[in-house]
Amino acid sequence: MFVGVLLLLAVLAPAHAGRPLWRWISTDQGLQSQHIDALAQGPQDVLWIGTATGVHRYDGERAEVWGGGQIRSRVKAVAPLTAELALARTETSDLLRVSRETSAPLDLPDGAGPAWDVASDGPGSAVVLLGDDLWRTDGWTWTLVREDAV
């Protein structure tokens, strides 16, 4: 977990010949929490940030609260599906589909255990550890990847 008012990021930029481009992200850019629990880079170099106050989407200029401000618990993992849609796992193991205006719980597969982790698996896809099983989702449909993955 990162704790502090400022978040330091290293983003590789081709224009800088492979040298890191450092950015400070703080409340000045719209970040509403200084407690960062999750970072994920999505399509179009959008950065998704899981915080104590929900999900923020950073476009290189501003960090905006996403999910319509409806997420009330700490976000422990975030997985971008597109530049406009991500999945988020909360500290209470809820799995949410997050867009600019809304956040909604995902319908999990029948018999699935709690969501332990989520990660991006390429454009439009994420892998989710539900109980002991690994699943792939596009945010609406589910495919079992491996039973007893843990």
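This is a short walk through a predicted model, one selection at a time.

**Stop 1: the open sheet**

Start by selecting strands 8, 9, 10 and 11. These four strands make an open sheet in the order 8-9-10-11, with antiparallel pairing. Which strands sit at the edges? They are strand 8 (75–82) and strand 11 (103–105), each of which pairs on one side only. Turn the view a little and look along the sheet: from one strand to the next, the twist averages 25°.

Now keep just strand 8 and strand 9 (residues 85–90) in colour. Six bridges join this antiparallel pair. To find one of the matched positions, click on alanine 77: its bridge partner is arginine 89 in strand 9.

**Stop 2: arginine 97**

Stay with the sheet and select arginine 97, which belongs to strand 10 (residues 95–98). Is this charged residue buried or exposed? Arginine 97 is buried, and it has no salt bridge. Select aspartate 107 as well: this is the nearest side chain of opposite charge, and it lies 6.3 Å away. That distance is beyond the 4 Å within which a nitrogen and an oxygen count as a salt bridge.

What surrounds arginine 97? Apart from neighbours within four places in sequence, its contacts include Leu85, Ala86 and Leu87, along with Thr102, Ser103, Ala104 and Leu106. Gly139 and Trp140 are also among the residues that arginine 97 contacts.

**Stop 3: a network of charges**

Next, show the salt bridges. How many are there? The count comes to five, and a good place to begin is the network that links Asp37, Arg74 and Lys76.

Select aspartate 37 and arginine 74 and show their side chains. They meet in a salt bridge, with N and O 2.4 Å apart. Aspartate 37 is in strand 4 (residues 35–41) while arginine 74 is in the loop between strand 7 and strand 8, so this pair ties together parts that are 37 residues apart in sequence. With a relative accessible area of 18%, aspartate 37 is buried.

Add lysine 76 to the selection. The side chain of lysine 76 also meets that of aspartate 37 in a salt bridge, at 3.5 Å from N to O. Here strand 8, which holds lysine 76, is linked to strand 4, which holds aspartate 37; the two residues are 39 apart in the chain. Lysine 76 counts as partly exposed, at 34% relative accessibility.

For another salt bridge, select glutamate 84 and arginine 57, whose closest N and O atoms are 3.4 Å apart. This pair, too, links distant parts of the chain: glutamate 84 is in the loop between strand 8 and strand 9, and arginine 57 is in strand 6 (residues 54–58), 27 residues apart. Try colouring by accessibility at this point. Glutamate 84 is partly exposed at 42% relative accessible area, whereas arginine 57 is buried at 9%.

**Stop 4: aromatic pairs**

Clear the view and show the aromatic rings. A search of the whole structure finds two aromatic pairs. In the pair of tryptophan 48 and tryptophan 66, the ring centres are 5.3 Å apart and the planes meet at 85°, so the arrangement is edge-to-face. Tryptophan 48 is in strand 5 (residues 47–51) and tryptophan 66 in strand 7 (residues 63–66), which puts 18 residues of sequence separation between these partners. Both of these tryptophans are buried.

Move on to tryptophan 135 and tryptophan 142. Their ring centres lie 6.3 Å apart with the planes at 90°, so this pair is edge-to-face as well. Tryptophan 135 and tryptophan 142 are both buried.

**Stop 5: a hairpin and its turn**

For the last stop, select strand 12 (residues 115–120) and strand 13 (residues 126–130), an antiparallel pair with five bridges. Alanine 115 stands opposite leucine 130 of strand 13. The two strands form a hairpin with five residues between them, and glycine 122 in the turn has a positive phi of about 105°.

Finish on glycine 124, in the loop between strand 12 and strand 13. Glycine 124 is partly exposed, with a relative accessible area of 28%. Setting aside neighbours within four places in sequence, its contacts are Leu81, Thr137 and Asp138. Then pick out proline 43: it is 81 residues from glycine 124 in sequence, and their C-alpha atoms are 9.5 Å apart in space.

Conventions
Residues numbered from 1 in each chain as written. Predicted model: local features only at pLDDT ≥ 70, side-chain atom pairs only at ≥ 80, totals over all residues. Heavy atoms only, no water. Buried < 20%, exposed > 50% of the residue type's maximum accessible area, 1.4 Å probe, protein only. Lys, Arg positive; Asp, Glu negative; His and termini not counted. Contact = heavy atoms within 4.5 Å. Pairing = 2+ DSSP bridges. Axes fitted to C-alpha atoms, helices over the stretch in contact; angles between N-to-C directions. Phe/Tyr/Trp six-rings, centres within 6.5 Å; stacked < 30°, edge-to-face > 60°.
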